[in-house]
Amino acid sequence: MNKTKISWCDYTWNPITGCSAISEGCENCYAKKISKRFGWKWGEPVRHGDRLKEPRKLKKPAKIFVCSMSDLFHEKIHNEWINQVIDVIEKNPQHTFIILTKRPERMKRYFCGVQLPENVWIGVTVENQKRADERIPILMEIPAKVRFVSCEPLLEEINLNLCDG
């Protein structure tokens, strides 16, 4: 777990790393650039079981960005791995866990019929109008206490007014 300068969280927690491109915004992926800089393998998601215990080591409640170096709902991440992450979240209600995805369809399927822990914020990344139009409606179908949209990398102007046709 790493302390971070990201303004909307206190820590990043990466029990899984690695991802692959799914849309236009992935051309500017910071996680891929960081991986290359440190000589880490990029592409196939990798589970780091030793990192699952990290959140409980924090003394004070914190906002934790889950899988900043991956996408928890990547198609090659096993449900069992996701289950282990959600189990840690449930066992650490003092923290707020922030999950961001470009794959809301899988997120929706995973959480179908499941009560999301109250300490989870879920969001989608949108980089252009096409992705906003695709991903935000799916996000809105997932029952969560807090849902959010991250507009990055912003490749064009996006109209987020859901009342417009």
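How much area does the protein expose, and what share of it do carbon and sulfur atoms supply? I looked this up first: the protein exposes about 9400 Å², and carbon and sulfur atoms supply 51% of it, with areas from the Shrake-Rupley method and a 1.4 Å probe.

I note that this is a predicted model, in which local features need pLDDT of at least 70 and side-chain atom pairs count only at pLDDT 80 or more, whereas totals for chains, interfaces and linings use all residues. Residues are numbered from 1 along each chain as its sequence is written, and side-chain values use heavy atoms, with hydrogens and water left out.

For the fold, I found 5 helices and 8 strands, taken as DSSP runs (H or I, at least four residues, for helices; E, at least two, for strands) and numbered from the N terminus. Along the sequence I read the pattern β-β-β-α-β-α-β-α-β-α-β-α-β.

I then checked burial, and 47% of the 165 residues count as buried, that is, under 20% relative accessible area with a 1.4 Å probe and protein chains only.

I looked up contacts (heavy atoms within 4.5 Å) and found that, of those with a separation of 6 or more, 78% join residues 24 or more positions apart.

The C-alpha atoms, I note, fill a box of roughly 45 × 40 × 30 Å along the principal axes.

Terms used:
Buried < 20%, exposed > 50% of the residue type's maximum accessible area, 1.4 Å probe, protein only.
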